[in-house]
Structure formats: structure tokens, C-alpha cells
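Visitor: I would like a close look at the backbone of this model, with attention to unusual torsions and to how the strands around them are arranged. Please keep to what can be read from the coordinates.

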Amino acid sequence: MATYKEIKGTNIEVLASDPSNPVEGQVWFNSTDNELKGQAATSAGAWSTGGALNTARYVLGGGGSQTAAIAFGGAITPGPNSSALTELYNGTSWSEVNDLNTARERCSSAATTNTASLCIAGVVYPGGSTSNKTENWNGTNWAEVGDLSTARYDGGASGTSASALFAGGETSPGLTTATEEWSGSSTATKTISTD
């Protein structure tokens, strides 16, 4: 078996403490910690400013990519007042498009692209009523489709507009372990488990 010196052409440094400014690829043995250490390359990203939403809001649904995204619902101030607004992002700017049928916030998102998305459940203000509504975005319009069996908000969602899963959430009051499947049909959801 080859040694480090045979591979790299130098011995591993033995140091009492970590170097103050190690260089990428540097390897050393810290004799105080009794550990072999090294400086690896990092691939940390950075945030940059993109186009601003047309309407400021929080606890909204959405997703997508840097060049094609959707944002919908949420809370606007003064309020609390739920929003039905939907905006699409093209990599540069947001444009308002057709709104949700039911204004709400804290809805969960699945299949979030600018051409196919689900807005699932949520809470409606003023009033604070918990929603079981599911709406399907087809790239142009929202359509209400099969409602959840359990009204709730802040649940976890994943999948596509043709097949999704919704689990957990808050039923106000309390949390739920209920899990439901979306089949892509406008008729109903399938309850997998309930509390």
C-alpha cells in the first residue's frame, strides 16, 4: 500500500493546533486533538436579488426554479387577510395571473411548477376557518378539485398534479397524523390514516 508521501510527495504535517488559514487540499495531524484533519473545497452558494413579487405577503404557497416559479395565496396586511393572488416568475420578474378560487394562507404546495401545481388546504382569514379545499393549477387557471377528508393547514405535501400525498398539519386546535393521497381525479382523495 502506498503512503501519503509516495502519493503526494510530502509528509503529513504534525501540528499542535489547526492552522489559522489552511489552504484547500492541505492535510495535517492535530496532535492535541489526536485527529487527522484537512481543508476541503466548499461549494457554498450565494443568494442574489431577483425580481420582487408584485404584492407583498407571507405564509404563501409556491415553488419552481430560478427561471420558472409560481407563488400563490398567503397573508396580506393590514389584516390578517388571506390572499387569492397568483404570480408567475420568468427568471426576471413576476406577473399576476388568474387567482385562486378560495383565498387562503398556510396552504401546502405540491407539483409546484408554473404549469402544474396543487394548493392544498390552508386557513382563511378573516375568521381563521381551516380549509379542506384543493385547487389544481393548469398553467392558466385554478380549478377546485377533490377536497381533503380532514380540514387543516401547514401539512406536508409532495407529488405531482396527478398523484400527490398530504400528511400531518394542524387541525385547529391540535396536530394531526392524518395522511391522504391525491389520485389526480376531481372526485375524492383516499384517506390512508387518521388520528
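Guide: What follows goes through the backbone torsions, then an open sheet, then one loop residue. The model is predicted, and the values below should be read as such.

Begin with the peptide bond between Y125 and P126, which is cis, with omega at about 5°. P126 sits in the loop that links β11 (117-124) to β12 (129-137).

Strand β11 itself holds another torsion to inspect, since A121 is placed within that strand. The phi angle of A121 is near 60°, a positive value in a residue that is not glycine. A121 has a relative accessibility of 0%, and because buried means under 20%, A121 counts as buried.

V59 also has a positive phi without being glycine; here the angle is near 45°. The setting of V59 is a loop, the one running between β3 (35-38) and β4 (61-64). With 35% relative accessibility, V59 is classed as partly exposed, because the value falls between the 20% limit for buried and the 50% limit for exposed.

The loop that holds V59 leads to β4, and β4 belongs to an open sheet of four strands. Their order is β4-β5-β8-β9, with antiparallel pairing. At the edges are β4 and β9 (94-97), each of which pairs on one side only. From one strand to the next, the twist averages 20°.

The pairing at the β9 edge can be followed by residue. Strand β8 (residues 86-89) and β9 run antiparallel and are joined by four bridges. For E87, the bridge partner in β9 is E96.

Now return to β3, at the other end of the V59 loop. The loop ahead of β3, coming from β2 (27-30), contains D33. D33 has a relative accessible area of 39% and is therefore partly exposed. The D33 side chain makes a polar contact with the side chain of K37, at 2.9 Å. K37 falls within the range 35-38 given for β3, so the contact links the loop residue to that strand by the 3.5 Å cut-off for N or O pairs. D33 can also be placed relative to D18: the two are 15 residues apart in sequence, with their C-alpha atoms 9.4 Å apart in space.

Notes. Residues numbered from 1 in each chain as written. Predicted model: local features only at pLDDT ≥ 70, side-chain atom pairs only at ≥ 80, totals over all residues. Heavy atoms only, no water. Helix = DSSP H or I, 4+ residues; strand = E, 2+ residues; numbered from the N terminus. Buried < 20%, exposed > 50% of the residue type's maximum accessible area, 1.4 Å probe, protein only. Pairing = 2+ DSSP bridges. Axes fitted to C-alpha atoms, helices over the stretch in contact; angles between N-to-C directions. Polar contact = N/O pair within 3.5 Å; in protein donor to acceptor, adjacent residues only side chain to side chain.
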